[in-house]
Amino acid sequence: AGLDRVLPTGSDPSRDRPTESVDVVIVEDDETLAGLLLNGLQTRGCRTQWFRDGHTAADALAGPGNSLQARVVLLDVDLPGLDGISVLRRMARSDALDGTRVIMLTVHSREAEILTALELGAFDHVAKPFSLPVLMQAVRRALRA
């Protein structure tokens, strides 16, 4: 199977491939905001990954044989392709929320949207525009949880 490992007989190497682990995944289509968040997290020693759209993020975090495990996901609600609530729903269905805390980010703080996210398993909700120190505190709290 390669990758310098021993596998039991009958195992499926494509299913058993190693999962990459990071501290924080950012799912945000705004390049400027994502860059600001990446810089803030990396200067605090966090290992990060950035996705610009919901489909790519959902495939990595909750797709078949998900290849990425994150301790915290900063998930924008308004994404191209697949919106943040749908990404969260896919993560919940695939048990990708086990050990992962999701913080929803949104410009529109509609009560129904917030309640849906929390019911699906979101850890927190932060409205845009936000203070970077306040968001970093929410991330620290999620990393400790």
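**Strand pairing, a crossover and Asp76**

Visitor: What makes strand 1 and strand 3 a pair?
Guide: In this predicted model, strand 1 (residues 20–27) and strand 3 (residues 68–76) are joined in the parallel sense over 7 bridges. Two strands pair if there are at least two bridges between them, so these 7 bridges satisfy the criterion. In one of these strands, strand 3, Leu75 is the bridge partner of Val27.

Visitor: How do you know that strand 1 and strand 2 pair?
Guide: Strand 1 and strand 2 are linked in the parallel sense over 4 bridges, and at least two are required, so they too count as a pair. Gln49 in strand 2 is the bridge partner of Val25. The chain passes from strand 1 through helix 1 to strand 2, in a β-α-β crossover that is right-handed.

Visitor: Why is this crossover called right-handed?
Guide: The term applies because, with the strands pointing away from the viewer, the path from the first strand over the helix to the second runs clockwise. Here that path leads from strand 1 through helix 1 to strand 2. Helix 1 (residues 31–42) lies across strand 1, strand 2 and strand 3, and runs at about 175 degrees to strand 2.

Visitor: Which strands are the edge strands of the sheet?
Guide: The sheet is open, with 5 strands in the order 2-1-3-4-5 and parallel pairing. Its edge strands are strand 2 (48–51) and strand 5 (124–127), each of which pairs on one side only.

Visitor: Why is Asp76 called buried?
Guide: Asp76 has a relative accessible area of 2%, and buried means under 20%, so the residue is classed as buried. Asp76 belongs to strand 3. Leaving aside neighbours within four places in sequence, its contacts include Val27, Gly84, Leu105 and Lys128.

Visitor: What makes the approach of Asp76 to Lys128 a polar contact?
Guide: The side chains of Asp76 and Lys128 come to 3.2 Å. The cut-off for a pair of N or O atoms is within 3.5 Å, so this distance meets it. The side chain of Asp76 also reaches the backbone nitrogen of Asp78, at 3.5 Å.

Visitor: Which residues of helix 3 are buried?
Guide: In helix 3 (residues 84–93), the buried residues are Gly84, Ile85, Ser86, Val87, Leu88 and Met91. Their cover includes helix 2 (54–62), strand 3, strand 4 (101–106) and helix 4 (111–120). At the start of helix 3, a side-chain oxygen of Asp83 comes to within 3.0 Å of the backbone nitrogen of Ile85.

Key:
Residues numbered from 1 in each chain as written. Predicted model: local features only at pLDDT ≥ 70, side-chain atom pairs only at ≥ 80, totals over all residues. Heavy atoms only, no water. Contact = heavy atoms within 4.5 Å. Axes fitted to C-alpha atoms, helices over the stretch in contact; angles between N-to-C directions. Buried < 20%, exposed > 50% of the residue type's maximum accessible area, 1.4 Å probe, protein only. Polar contact = N/O pair within 3.5 Å; in protein donor to acceptor, adjacent residues only side chain to side chain.
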